Amino acid sequence: MRHCRSLTGAAALALMLSAIALTDVAYAAKPVGSDKGASEQSGGSNDKGIYATARITYSGSVPTNGSRGNVTSTDVNWTPPPCWYAPYLGAEDFKKKMSQDIERQMSAPGMGGHAGAALSELKRHYENEYGWTDTPGYKDYNVDKDGEGMFWAAVENPNEPDLLKRSSCNDLPFWVDNGEAPPSQYEEAITPEILAALAYQHMQLPDTEVTLAPEQTTKVNLPTWAWLDEAVFDKVQATAALNVPGFNLQATTTAKPVSLTLEPGTEDAVTYPASGECVINDDGSIGEPYAKGKANRTPPCGIKYLRSSGNGTYNLQATITWDISWTGTGGAGGDLPDGTFGNGQAVTVQEIQSVNR
């Protein structure tokens with residue numbers, strides 16, 4: 001907890017940590033349905049409008065239920081953000097929510113000692129302007145500024161499997177005026193780049209079923225041609241957006257196919273080219289369609305099986321590598337790690353029958 005380090009020693013730190021453990025329900029910004037993906041959720045209003053949090057919405061090439069997509073980063077050290085800070089509630093709604101939770105916990109049986117003292121400090125922070133270095137306190141939950149900004153709070157990425165990472169954004173809710181950037185100490189505050197990474201995580205890529213000649217059944221030592229027409233796949237885009245009063249961000253992540261990798265499903269095979277990676281052609285296709293008269297040629301993209309599959313099949317894996325970039329609000333943009341997605345195809349390989357006279 002970054003802001004707790006500036007309090008007065010270990011005792012104060014322990015008090016604040018106790019308060020957080022006791023009051024996480026009060027400020028954890030997990031909008032209703034946050035485990036279900038792309039639908040938008042907002043709530044809390046008065047005569048000035050709706051000021052409660054609006055969750056991130058996804059559009060474009062994403063699963064219909066908003067769950068995680070199927071693209072995998074080629075960089076094993078890169079992962080989408082496990083958590084972030086985002087607009088949560090307006091001042092009046094936040095006061096209602098937080099004050100009720102504090103009072104409920106303070107009146108719980110046996111509440112006293114350090115835990116009770118921590119709750120009192122938390123109450124002072126939002127009601128009586130009690131603050132610390134880089135973290136000012138608030139007078140009556142900032143209700144005199146209702147409609148002029150929002151309290152921001154932590155949001156967990158429901159697709160992050162590591163609980164510790166998912167809950168690592170553990171600062172207390174903080175105020176941000178409409179149109180202003182969050183204070184610099186909140187490095188995980190939502191940005192177009194974070195939205196781009198989330199769009200990446202939710203991106204749905206097309207299945208990669210290559211065209212083969214011969215189709216499905218081939219012969220030992222006979223080159224099998226493989227290709228993908230330009231019309232089969234094209235660039236894919238996914239957009240993540242966050243829209244609340246005074247704060248609107250979005251980012252679009254774009255994936256463009258750059259190569260096809262073939263894995264025969266057996267070591268008894270040769271790939272063309274030898275690396276198994278077929279690069280994209282100038283016209284956007286990959287490989288070359290087989291046509292009559294090419295039987296004695298080596299395919300630019302393909303496989304030659306050296307052994308029969310017997311009574312079974314080989315599982316040919318065809319994986320597309322995608323170059324991924326993003327653009328976002330304010331002209332922001334950049335590159336993200338390449339992504340991959342592929343699937344398997346069953347291939348039957350038969351021995352060439354000979355006739356003895």
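A nonpolar core is a set of buried Ala, Val, Leu, Ile, Met, Phe, Trp, Tyr and Cys residues joined through side-chain atoms within 4.5 Å. Buried means under 20% relative accessible area, exposed over 50%, and partly exposed in between, with a 1.4 Å probe and protein chains only. The model is predicted: local features need pLDDT of at least 70 and side-chain atom pairs count only at pLDDT 80 or more, while totals for chains, interfaces and linings use all residues. Residues are numbered from 1 along each chain as its sequence is written, and side-chain values use heavy atoms, with hydrogens and water left out.

**Overview**

Begin with the whole protein, coloured by secondary structure. Five helices and 18 strands are present; these are DSSP runs (helices H or I, at least four residues; strands E, at least two), numbered from the N terminus. Of the 357 residues, 46% are buried. Among contacts (heavy atoms within 4.5 Å) with a separation of 6 or more, 73% join residues 24 or more positions apart.

**The core and Tyr-126**

Select Ile-56, Tyr-126, Trp-152, Ile-190, Leu-260 and Leu-262. In the largest nonpolar core, which has 77 residues, these six touch the most other members. Centre next on Tyr-126: beyond four places in sequence, its contacts include Phe-94, Met-98, Tyr-141, Phe-151 and Leu-172.

**Helices α2 and α5**

Phe-94 and Met-98 lead to helix α2, where both are among the buried residues, together with Ala-91, Asp-93, Ser-99, Asp-101, Ile-102 and Gln-105. Helix α2 (residues 91–106) has 16 residues and spans 22 Å from first to last C-alpha, close to the 22 Å expected at 1.5 Å a residue; the expected span is 1.5 Å times one less than the number of residues. Move then to helix α5 (residues 192–202), in which 10 of the 11 residues are buried. Ala-199 is one of these buried residues.

**Ala-238**

From Ala-199, step to Ala-238, which it touches; other contacts of Ala-238 include Ser-59, Val-62, Met-203 and Thr-252. Ala-238 belongs to strand β11 (residues 236–244) and is buried at a relative accessible area of 0%. A distance drawn from Ala-238 to Met-203, C-alpha to C-alpha, gives 5.7 Å, although 35 residues separate them in sequence.

**A cavity beside Trp-152**

The structure holds two cavities of 30 Å³ or more. On a 1 Å grid over the protein atoms alone, a cavity is a set of points where a 1.4 Å probe fits but cannot get out, and lining residues have an atom within 4 Å of a point. Grid points are joined across faces, edges and corners, and a volume is the space filled by probe spheres set on the points. The second largest cavity holds about 40 Å³. To display its lining, select Met-150, Trp-152, Val-176, Asp-177, Asn-178, Pro-245, Gly-246 and Phe-247. Strands β6 (149–156) and β7 (174–177) each give two or more residues to this lining.

**Backbone exceptions**

Most residues other than glycine have a negative phi, and most peptide bonds are trans. Select Asp-134 and Tyr-141 for the first kind of exception. Asp-134 has phi near 65° and is exposed at 60% relative accessibility, whereas Tyr-141, with phi of about 60°, is buried at 0%. Asp-134 lies in the loop between α3 (113–127) and β6, and Tyr-141 is found in the loop between α3 and β6.

Finish at two cis peptide bonds. The bond from Ala-213 to Pro-214 has omega near 0°, and Pro-214 sits in the loop between β8 (211–213) and β9 (217–219). The bond from Tyr-272 to Pro-273 has omega near -5°, with Pro-273 in the loop between β13 (269–272) and β14 (277–279).

Terms used. 1 Å grid on protein atoms, 1.4 Å probe; cavity = no way out; pocket = protein on both sides within 12 Å on 5 of 7 lines; lining within 4 Å.
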